Amino acid sequence: MNGMQNNNTKYSREEELLQINAAKADPARFAVLYDHYYKPIFLFIHHRIRDKQLSGDLTAQVFLKAMINLGKYRDQGHPFSSWLYRIASNEVNMYFRQSKRESDIEVKESDAVEMMEEINELYSEENCTLILEALAELPEELNVLIELRFMQKLSFLEIAGMYNITEANAKMKVYRALEKLKQKFNERRGRK
Amino acid sequence: MKKYKLHKENSGQQISDEEMMKYKDFSRLKHQYDTVTKRPKKPLYKNPYMFFVLVLIILLALLLAGEL
């Protein structure tokens, strides 16, 4: 699971905090943060929604909420992106609740391969199907963690920020989710 | 319950930067923000002229109430 780096790390923490404080004082300065995080937030939403127009609308909604609530933002050592991802995640969940639409998530083949490597399984079409079925069978709080890490490619620090936990705790939660995934995978394989 | 579907690389819905940027508009966002957070109008009593008029109305009302 090493080597996954989010593109937001190129923005230094000090720089980011300066931008946040500037935006708190003058909302027009929020434009810098908007420019920097627009793409990752759009892609985060589009990955779940799969509709360009709707993703655009929800992304706008996320940034509007972020702008309105920026005064309440407190630096707790997590990247600013975690806070935005948390808002985005809530918006997407609210959308699915209100529209009563089923959440169909497309998993890239390379992401499925990565998940299989993590649970020490070799790639095959059959294993791929099994792992996705096993993933769907996991409780929501566990499959969300796997999605964040392997499909959305968030760093452990960003996941920690979303859940307001430490980075070590986030790592532990992801590994536990993977253990459960492996268990479900083996159960499914045993049944076939 | 969620459904996960395998998506082969270079197939299915990919979104280009250009398509994404079509929805990016900070001035619209700022306008929405200004609309949502617009401060309410200054209350009448904070305007010295209106404050005087309000006091006058209250005094007149008291005067009339006392005479009745």
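This is a short walk through the two chains of a predicted model, with a suggestion of what to select at each stop.

Residues count from 1 along each chain as its sequence is written, and chains are lettered from A, with ligands numbered from 1, in the order in which they are written. Local features need pLDDT of at least 70 and side-chain atom pairs count only at pLDDT 80 or more, while totals for chains, interfaces and linings use all residues; side-chain values use heavy atoms, with hydrogens and water left out.

**Chain A, whole view**

Start by selecting chain A and colouring it by secondary structure. You should find 9 helices and 1 strand (DSSP runs numbered from the N terminus: H or I of at least four residues for helices, E of at least two for strands). Along the sequence the order is α-α-α-α-β-α-α-α-α-α. The C-alpha atoms fill a box of roughly 60 × 35 × 25 Å along the principal axes. The radius of gyration of chain A is 18 Å, which agrees with the value near 16 Å for a compact globule of 192 residues (taken over C-alpha atoms; the globule rule is 2.2 Å times the number of residues to the power 0.38). Of those 192 residues, 52% count as buried (buried is under 20% relative accessible area, exposed over 50%, partly exposed in between, with a 1.4 Å probe and protein chains only).

**Helix 1 and helix 2**

Next, pick A:Glu16 and A:Arg13. They form a salt bridge, with the closest N and O atoms 2.4 Å apart (a side-chain nitrogen of Lys or Arg within 4 Å of a carboxyl oxygen of Asp or Glu). Both lie in helix 1, residues 13–25, and are 3 residues apart, about one turn of the helix. A:Glu16 is buried at 3% relative accessibility, whereas A:Arg13 is partly exposed at 23%.

Hop over to A:Leu33 in helix 2 of chain A. Its relative accessible area is 0%, so A:Leu33 is buried. Draw a C-alpha to C-alpha distance to A:Leu70: the two are 11 Å apart in space and 37 residues apart in sequence.

**Across to chain B**

Now show A:Tyr34 and B:Phe26 as sticks. The ring centres are 5.4 Å apart and the planes meet at 50 degrees, so this pair is tilted (rings of Phe, Tyr and Trp, the last by its six-membered ring, pair if their centres lie within 6.5 Å; planes under 30 degrees apart are stacked, over 60 edge-to-face, the rest tilted). The pair crosses between chains, from helix 2 (residues 30–49) of chain A to helix 2 (residues 26–37) of chain B. Both A:Tyr34 and B:Phe26 are buried. Widen the selection to A:Phe30, A:Tyr38, A:Phe42, A:Phe63 and B:Tyr23 as well, and you have the cluster that ring pairs link together with A:Tyr34 and B:Phe26. Over all chains there are 14 aromatic pairs.

**A loop residue with a positive phi**

Back in chain A, centre on A:Arg50, in the loop between helix 2 and helix 3 (52–69). A:Arg50 is not a glycine, yet its phi is positive, about 60 degrees. Most residues other than glycine have a negative phi. A:Arg50 also makes a salt bridge to A:Glu106, with the closest N and O atoms 3.8 Å apart. A:Glu106 belongs to strand 1 (residues 104–108), so the bridge ties together parts that are 56 residues apart in sequence. A:Arg50 is buried at 17%, and A:Glu106 is buried at 17%.

**Toward the end of chain A**

Select A:Arg189 and A:Glu121, whose salt bridge has its closest N and O atoms 3.0 Å apart. This pair links helix 9 to the loop between helix 5 (109–118) and helix 6 (125–137), 68 residues apart. Then add A:Glu133, A:Glu137, A:Lys184 and A:Arg188, which are linked in a network of salt bridges.

**Chain B, last stop**

Finish on chain B, with 3 helices and 1 strand, running β-α-α-α from the N terminus. Of its 68 residues, 13% count as buried. Turn on the surface and colour B:Leu44, B:Tyr45, B:Phe51, B:Leu54, B:Val55, B:Ile57, B:Ile58, B:Leu59 and B:Leu62: together they make a nonpolar patch of about 890 Å² (residues with over 30% relative accessible area and no salt bridge; nonpolar side chains, meaning Val, Leu, Ile, Met, Phe, Trp and Tyr, are joined within 5 Å, like charges within 9 Å; areas by the Shrake-Rupley method with a 1.4 Å probe, and for residues only the protein chains shown count as cover). Within the patch, B:Ile58 sits in helix 3 (residues 48–67) and is exposed at 51% relative accessible area.
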